[in-house]
Amino acid sequence: MATRQILQPTNRETLLEVSDAELGRGVRIREKGIDFVVRTVPHRKQRYETSGDWIPGDPAEIRVSKLKNRLYVYLIAVHEMTEYAGCAGKKDIDQRSITFDLLFELERKAKLHGPFDEPGDDRRAPYYADHQAATEDEKHEAAKLGVDWDSYEKAVNRLRRN
Ligand SMILES: [Zn+2]
């Protein structure tokens, strides 16, 4: 039997309200004209070192690392959906983005980047502009929700594998 999903496309307000357990099974949301399924996964199950990931498809899949604070999960989901909306339709964008992110992690090991530098802030990233727009959207939502940006960043940084 297929994994149970909430099949009704929902909106951001609904996404914000659903429990982490429901997010784990997957929540459908239509955002910026794209159908998404958003779910939480254990951080170690991410495809590479990241707290949020998008995987092209219909629906496009958003994977957010499990975090105790559901507002943080929501903010990561918002970032990933906005970023993906900018990337959708670009040729081989998934493969090119992953290749770049893996390269960036190798460079980090070689001490070419700081421990918390983000690949999306590197101008070579194929999704650079989309990441910047996504961070703006994320910061806007954080302000609306009264989330302290520094505490949020610290919680996300603590997920990092060594
Ligand atoms: Zn990003």
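Let's start with strand β5, which is mostly covered: five of its six residues are buried. Keep in mind that this is a predicted model, so I'm talking about computed geometry throughout.

Who sits beside β5? On one side of the story we have β3, and these two strands pair in the parallel sense, over six bridges. If you want a residue to click on, take Val 37, whose bridge partner in β5 is Glu 61. Then there is β4, residues 52-55, which pairs with β5 in the antiparallel sense over four bridges. Here you can pick Gly 52, since its bridge partner in β5 is Val 64. β4 and β5 form a hairpin with four residues between them. In that turn, have a look at Gly 57, which has a positive phi of about 160 degrees.

Now on to β2, which pairs with β3 in the antiparallel sense, over five bridges. Within that pairing, Ile 29 stands opposite Phe 36 in β3. This is a hairpin too, with two residues between the strands, and Lys 32 takes a positive phi near 55 degrees. I like the side chains along β2, because they alternate nicely. Val 27, Ile 29 and Glu 31 point to one face and are buried, while Arg 28 and Arg 30 point to the other and are not.

So what do these strands help to build? The largest nonpolar core has 26 residues, and the ones touching the most other members are Phe 36, Val 38, Ile 62, Val 73, Ala 77 and Met 81. The elements giving two or more residues to this core are β2 (27-31), β3 (34-41), β5 (60-65) and α3 (70-87). Which of them gives the most? That would be α3, with 11 residues.

Let me zoom in on Val 38 for a moment. Leaving aside neighbours within four places in sequence, Val 38 is in contact with Leu 15, Leu 23, Gly 26, Val 27, Ile 29, Ile 62, Val 64 and Ala 77.

Back to α3, and to its helix partner. α3 packs with α5, residues 128-145, at an angle of about 150 degrees, and their axes are 8 Å apart. An angle over 145 degrees counts as roughly antiparallel, so that is what α3 is relative to α5. The crossing of the two helices is right-handed. Plenty of residues meet there: on the α3 side they include Leu 71, Leu 75, Val 78 and His 79, and on the α5 side Ala 129, Ala 133, Ala 134 and Leu 145 are among them.

His 79 deserves its own slide. This residue is found in helix α3. Is His 79 buried or exposed? It counts as buried, because it has 25 C-beta neighbours inside 10 Å, and the cut-off for buried is 20 or more. Beyond four places in sequence, its contacts are Gly 52, Ala 134, Thr 135, Asp 137 and Glu 138. You may remember Gly 52 as the bridge partner of Val 64 in β5.

To finish, a contrast from the loop between α5 and α6 (149-157), where Gly 146 lies. With 7 C-beta neighbours inside 10 Å, Gly 146 counts as exposed. Its C-alpha atom is separated by 30 Å from that of Tyr 48, and the two residues are 98 apart along the chain.

Technical notes: Residues numbered from 1 in each chain as written. Predicted model: local features only at pLDDT ≥ 70, side-chain atom pairs only at ≥ 80, totals over all residues. Core = buried A, V, L, I, M, F, W, Y, C linked by C-beta atoms within 7 Å. Buried ≥ 20, exposed ≤ 12 C-beta atoms within 10 Å, placed from the backbone. Contact = placed C-beta atoms within 7 Å. Pairing = 2+ DSSP bridges. Axes fitted to C-alpha atoms, helices over the stretch in contact; angles between N-to-C directions. Parallel < 35°, antiparallel > 145°, perpendicular 65-115°, else oblique. Left-handed = near helix turned anticlockwise from the far one by under 90°.
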